Amino acid sequence: MKCMVAEINDKLSMENGFKPDFFTLLEKEMAKIMPESNIKASPHMNSKVKYWRQTYAKICDIVGLSRFGWDHVNKKIDVDDDAWKIYAEANPKKAKEVGGKRFPYFDG
């Protein structure tokens, strides 16, 4: 994450995503920090970023609903048990993926 933030601060991101060289440069930075890891832009970094984007979208959708909010201290969805039960019955897959979990890099 620190490498990603550093690259973003070096103007390698755009409003709708990353510039083409972003992952290549990130791969090189990761190799400097952890040379034995063999972490590659594809598939390793791309798949993680895809997962983070999907999870971010799910959290934003849920937090935008009535009776749902964001707990800034614990970094998780804030909702009463009754509302969560109703939501989980209607959206079991989404609820399982984000329910009760902490997201330390998400600021809600």
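# Exercises on a predicted model

Lys28 and Lys32 are exposed, and they lie on the other side of helix H2 from its buried residues. (Buried means under 20% relative accessible area, exposed over 50%, and partly exposed in between, with a 1.4 Å probe and protein chains only.) This is a predicted model, where local features need pLDDT of at least 70 and side-chain atom pairs count only at pLDDT 80 or more, while totals for chains, interfaces and linings use all residues. Residues are numbered from 1 along each chain as its sequence is written, and side-chain values use heavy atoms, leaving out hydrogens and water.

## Exercise 1: The overall layout

Work out how many helices and strands the protein chain has, and in which pattern they follow along the sequence.

Step 1. Count the elements: there are 5 helices and 4 strands. Helices (H or I, at least four residues) and strands (E, at least two) are DSSP runs, numbered from the N terminus.

Step 2. Now read along the sequence, and you get α-β-β-α-α-β-β-α-α.

Step 3. Add the burial: of the 108 residues in the protein chain, 26% are buried.

Step 4. Finish with contacts, meaning heavy atoms within 4.5 Å. Among the contacts with a separation of 6 or more, 40% join residues 24 or more positions apart.

## Exercise 2: The two sides of H2

Find which residues of H2 are buried, and where they sit around the axis.

Step 1. Get the helix in view: H2 covers residues 22-33, 12 residues in all, and reaches 17 Å from first C-alpha to last. That is close to the 16 Å expected at 1.5 Å a residue, where the expected span is 1.5 Å times one less than the number of residues.

Step 2. Pick out the buried ones: Phe22, Phe23, Leu26 and Met30. These four cover an arc of only 80 degrees around the axis, so they are on the same side of H2. (The arc is that of the directions from the helix axis to the C-beta atoms.)

## Exercise 3: H3 and its odd bond

Check whether the span of H3 agrees or disagrees with its 23 residues, then look for a cis peptide bond.

Step 1. At 1.5 Å a residue H3 should span 33 Å, and its end C-alpha atoms are 31 Å apart, which agrees.

Step 2. Ser42 and Pro43 are joined by a cis peptide bond, with omega about 15 degrees. Pro43 has its place in H3.

Step 3. List what H3 buries: Ala41, Met45, Val49, Thr55, Lys58, Ile59 and Ile62.

Step 4. Val63 is also found in H3, but counts as partly exposed because its relative accessibility is 22%. Beyond the neighbours within four places, Val63 is in contact with Phe68, Gly69, Trp70 and Ile77.

## Exercise 4: The cores

Identify the elements that give two or more residues to the largest nonpolar core.

Step 1. The core has 11 residues, including Ile59, Ile62, Phe68, Trp70, Tyr87, Ala95 and Phe106. A nonpolar core is a set of buried Ala, Val, Leu, Ile, Met, Phe, Trp, Tyr and Cys residues joined through side-chain atoms within 4.5 Å.

Step 2. The elements giving two or more residues are H3 (41-63), E3 (68-71), H4 (81-90) and H5 (92-98).

Step 3. Apart from this core lies another, of 7 residues, among them Phe22, Ala41, Met45 and Val49.

## Exercise 5: An aromatic pair

Decide why the pair of Tyr56 and Phe106 is edge-to-face.

Step 1. Rings of Phe, Tyr and Trp (its six-membered ring) pair if their centres lie within 6.5 Å; planes under 30 degrees apart are stacked, over 60 edge-to-face, and the rest tilted. By this rule there are 5 aromatic pairs.

Step 2. For Tyr56 and Phe106 the ring centres are 5.2 Å apart and the planes stand at 65 degrees, so the pair is edge-to-face. Tyr56 sits in H3 and Phe106 in the segment after H5, 50 residues apart.

Step 3. Compare the burial: Phe106 is buried, at 11% relative accessible area, whereas Tyr56 is partly exposed, at 47%. Together with Trp70, Tyr56 and Phe106 form one aromatic cluster.
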